[in-house]
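Please read the following report alongside the sequence and the coordinates. It proceeds from strand pairing to the nonpolar cores, then to a helix pair and to some points of backbone geometry.

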Amino acid sequence: MNLKLKYLLSMLLVLGNAVSAQVQFDVSVNAREIGRRDEVEVRYLISGTDRASDFQPPYFSNWTVMSGPVISSTNYTLNGKSSASTSYTYLLSPMKAGKLVIPSTTIAVNGKTYTCKGVQVLVKNQAHVAGVPGASGGQQATVFSMNETGEDDYKEYLLKPGEDPLQKIRSNLLVRAVASKKKCYVGEPVLVTYKLYTRLRSNSRVVKQPGFTGCSVSEMTTNELKPESEVVNGKKYTSYLFRKVQLFPLQPGVITVGAASVDNTVTFISNTSDLRKLYYGLDAGEAFDLNLSTEPFTIEVMPLPGKKTAATVGNFEIFASLQKDTIAANETNALVVTVAGSGNFKSVKEPQINWPSEIYHFDATEKDELDKLSFPLSGRKIYEIPFEVNRTGVIRLAAVNLSFFDPVKGIYKTVSSKPLQLTVTPAVRSTIIAPVTDSVSDWDIRYLLFLLPLVFLVAAVVLWMRPRKPRVAVVATQQEPVAVKNPVAINYLDRINELRLLQDDTEFYSNASELSRQMLQYNQGNNDLLLQVIQDCNTILYTPIASTSRKEILEKLERALV
């Protein structure tokens, strides 16, 4: 097919896709009015596509980032049509009272940039506002229970006459935050870990997560909270990791990493005869409560050398390859560019390619293959760029370059792929369908492109001015519209009540998500509420930080059914 006609058809295809698939980018909050000590959940949602990329983390002025972004993707089918959405969720705490703005930001979809509007939240000059989700408790707390210990450590549970129990807890139970470095460049990753160390038989509960203002956050916390044995200041402790994040500072200056708070309940005994009860896990002695917090600390963020305000930061390599080394003229091929290494992959952009004049290329598709539990973040980004060639012969593609800043050596580097060679043979002509000739001139194409919108406009006017038939009454034998029906009569209220009986949280949220999908499929409730339930369930199932509760999920399902 002639390349120019292919170009025209591709434009029409893009126009048709734009009409059929509505891509929307919005920001929402779970409360418009909160108190000074409340937290607000902010969700940036791109819907109508699964090809979103290059999300620009917003800078939250006057807010402390308690967690995020937590990234969650959802694919669903509604009335036979498939769709997808991706959300970026933050938990924020206000720094002051007043009207505070949740900022707008941008995201890219197939090379096009979408911008959402910011929203305003009123922070009242009071501790809490009734009805705000999480106003009294915040995030779901992580609980640690130290119930077993060696016989040599039993003396730590003995409270001698005159001993101060709270002071003894402070001497044998620690909460610490450790950063991999206190000085870094803009965009350079910093690893921060939060641990609880105990030598006591204690029950500890994380009641406040730290905030990370001025940073993009990559969560590394998992649900595998396995205790370890560590020595601190010459003492042997059992340690529990309860938060692990990778921070990417967004701008130069000094950023403050917030504190985490842990409530602890420790039981001491004062009589050795109670040791047997203690050994078998029975209640014995007197319990004492003490809240411990990590010390906030600062990180100095240095600007990038030179006059650059932003750059790819890390240590990378670049590779390029062709899907096919030999193709026929006007056959579609693809250039595959891979950026591999470690560092701030959020700062990696699509490389600039010096295309030969004989090649017409299309928009690239982007795919991430990252190990999010590694530090620094490691893996690769893959860009696949389709293209066509309109002449025969041997075509050479120049090397693809990538420049980045190496924070370890403090210098800028440029790496290159190997140049490529493409062999283009004469076009294969079909013996069944006569090939399109090259008789269409540049003026023909421009003429068609000019007339196309005019034809659409005239057709719309004709349809609008066409006399309308008078409405007729609907008779009893009128055929009902085709709709997706539930193959089995299901009492969804009973299904919702069955969820209340589930004891295991994972089973509850999995079943709630599946029930919501079923209700969506058969049009048995409010679509917006059901999609929100699916999103909330996925967030709590696949991320370490809870953003909702069982009660809220049940309430949304009941409201959706009305």
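## A three-stranded sheet

Valine 254 stands opposite glutamate 300, a residue of strand S22. The model discussed here is a predicted one, and in it S19 and S22 run antiparallel and are joined by 5 bridges. These two strands belong to an open sheet of 3 strands, with the order S13-S22-S19 and mixed pairing. Strand S13 (183-185) and S19 are the edge strands, each of them pairing on one side only, and neighbouring strands of the sheet are turned against each other by 35 degrees on average, direction ignored.

Isoleucine 299 has an extended set of neighbours, if residues up to four places away in sequence are not counted: it touches Lys181, Lys182, Lys183, Cys184 and Val190, as well as Gly253, Val254, Ile255 and Val257.

## Strand S14 and its partners

Which residues of S14 are buried on one side of the strand, and which on the other? On one side these are Val190, Val192, Tyr194, Leu196 and Thr198, and on the other Leu191, Thr193, Lys195 and Tyr197, so that both faces are covered. Because 9 of the 9 residues of S14 are buried, the strand is largely enclosed by the rest of the structure.

S14 pairs in the antiparallel sense with S12 over 7 bridges, and also in the antiparallel sense with S18, over 9 bridges. Within the first pairing, alanine 179 has valine 192 of S14 as its bridge partner; within the second, leucine 191 has glutamine 246 of S18 as its bridge partner.

## Nonpolar cores

The largest nonpolar core has 32 residues, and those with the most contacts inside it are Ile169, Val192, Tyr194, Phe242, Leu247 and Ile299. At least two residues of this core are supplied by each of strand S12 (173-179), strand S14 (190-198), strand S16 (215-219), strand S18 (235-249), strand S19 (253-257), strand S20 (261-268), strand S21 (286-293) and strand S22 (297-302). Apart from this core lies another, of 27 residues, which includes Ile359, Val400, Phe404 and Leu422.

## A helix pair

Helix H5 (residues 492-499) and helix H8 (residues 550-561) pack with their axes 11 Å apart and at an angle of about 175 degrees; the two helices are therefore roughly antiparallel to each other. On the side of H5 the contact is made by Tyr492, Leu493, Ile496 and Leu499, and on the side of H8 by Arg550, Leu554, Leu557, Glu558 and Leu561. Sorted by class, this contact of H5 with H8 has 7 nonpolar and 2 charged residues, but no polar ones.

## Backbone geometry in loops

Most residues other than glycine have a negative phi, and most peptide bonds are trans. Against this background, asparagine 62 has a positive phi of about 70 degrees although it is not a glycine, and asparagine 330 likewise has a positive phi of about 70 degrees. Asparagine 62 lies in the loop between strand S4 (52-53) and strand S5 (63-78), and counts as partly exposed because its relative accessibility is 30%. Asparagine 330 is placed in the loop between strand S24 (326-328) and strand S25 (333-343), and counts as buried because its relative accessibility is 19%, a value under the 20% cut-off for burial.

The peptide bond from phenylalanine 375 to proline 376 is cis, with omega near -10 degrees. Proline 376 is found in the loop between strand S27 (365-371) and strand S28 (378-389).

Conventions:
Residues numbered from 1 in each chain as written. Predicted model: local features only at pLDDT ≥ 70, side-chain atom pairs only at ≥ 80, totals over all residues. Heavy atoms only, no water. Axes fitted to C-alpha atoms, helices over the stretch in contact; angles between N-to-C directions. Helix = DSSP H or I, 4+ residues; strand = E, 2+ residues; numbered from the N terminus. Parallel < 35°, antiparallel > 145°, perpendicular 65-115°, else oblique. Contact = heavy atoms within 4.5 Å. Nonpolar A, V, L, I, M, F, W, Y, C, P; charged D, E, K, R; others polar. Core = buried A, V, L, I, M, F, W, Y, C linked by side-chain atoms within 4.5 Å. Buried < 20%, exposed > 50% of the residue type's maximum accessible area, 1.4 Å probe, protein only. Pairing = 2+ DSSP bridges.
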